[in-house]
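Have the sequence and the 3D view open side by side for this one. We'll start in the middle of the sheet and work outwards.

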Amino acid sequence: MHTKASIDCPLPTYVHPKWRNRRRSTVRFGFDLHGVVDTNPVGFRKMMAALIASGCEVHIITGATWERERPTLKRLRIPFTHFFSITNHHMTIGTKVVWADADNPHIDRHLWDETKAIYCKVHRMTMHFDDSDLYGLYFQTPYIRFFAKDSDRILKMHIVPPKIKANCRKKKK
């Protein structure tokens, strides 16, 4: 494991205590928090718990800071082994971060967009789930583009057809 974070060596912002001294798993999954995990916390909680129980690493990889998202993860009861924050990483390595307000950090757009891909490559993620088309352009790691039907991002980008009612009853002859 690397000992010092750099632009090409992002380190997890937080590692769950049970995983700190554990041998690294060869199967690692990355999940974006906003627009992915938070769209279906119950479903993702079950999937992520099953992955961890089978010995896989589960990384939350997001833009927001650890300090901001820790309460959210606790409230949603999301299990994970590692947490990576684009913002915390860039503050650690000295990138200029401009705060529009307390919750909205801004750095160079290219640096922001490529940071998740670099993290996933360096940490040999098996696969990453995200809701951004743009981030996917930077990835060499298998990238799963997640579409939440009620996401603001999806509604702005795509025409969403009306809901189709399922008719599962067989018609009597």
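## Starting from β2

Arg28 sits opposite Glu57 in β3. That pair belongs to a parallel match between β2 and β3, which are joined over 4 bridges. To get from β2 to β3, the chain passes through helix α1 (residues 41–53), and this β-α-β crossover is right-handed.

β2 has cover on both faces: Arg28 and Gly30 point to one side, Phe29 and Phe31 to the other, and all of them are buried. β2 also pairs with strand β7 (residues 127–130), again running parallel, this time with 3 bridges. In that pairing, Phe29 stands opposite Met127 in β7.

## How far to trust it

Keep in mind that this is a predicted model. The mean pLDDT of the protein is 87, with 84% of residues at 70 or more. Strand β2 (residues 28–31) has the highest confidence, at 98, while helix α6 (residues 152–157) has the lowest, at a mean of 58. Where pLDDT is low, the predicted coordinates shouldn't be read in detail.

## The sheet as a whole

Zooming out, the sheet is open and has 6 strands in the order β1-β4-β3-β2-β7-β8, with mixed pairing. Why do β1 (14–15) and β8 (143–145) each have one side without a neighbour in the sheet? They stand at the edges and each has a single partner strand, so the other side is left free of sheet neighbours.

On the other side of the β2–β3 pairing we started with, strand β3 (residues 57–62) pairs with strand β4 (residues 82–85), parallel and over 4 bridges. Here Thr62 stands opposite Ser85 in β4. Two helices lie across this part of the sheet. Helix α2 (residues 66–76) lies across β1, β3 and β4, at about 140° to β4. Helix α3 (residues 86–93) lies across β3 and β4, running at about 65° to β4.

## A closer look at His128

Now over to strand β7, where you'll find His128. Is His128 buried or exposed? Its relative accessibility is 0%, so it counts as buried.

What do the polar atoms of the His128 side chain have around them? One lies 3.3 Å from the backbone oxygen of Gly30, and the side chain also makes a 2.9 Å polar contact with the side chain of Asp130. Setting aside neighbours within four places in sequence, the contacts of His128 include Gly30, Phe31 and Asp32, along with Ile61, Lys116 and Cys120. Also among them are Phe139, Thr141, Pro142, Tyr143 and Ile144.

Conventions
Residues numbered from 1 in each chain as written. Predicted model: local features only at pLDDT ≥ 70, side-chain atom pairs only at ≥ 80, totals over all residues. Heavy atoms only, no water. pLDDT = per-residue confidence, 0-100. Pairing = 2+ DSSP bridges. Contact = heavy atoms within 4.5 Å. Axes fitted to C-alpha atoms, helices over the stretch in contact; angles between N-to-C directions. Buried < 20%, exposed > 50% of the residue type's maximum accessible area, 1.4 Å probe, protein only. Right-handed = clockwise from strand over helix to strand, strands pointing away. Polar contact = N/O pair within 3.5 Å; in protein donor to acceptor, adjacent residues only side chain to side chain.
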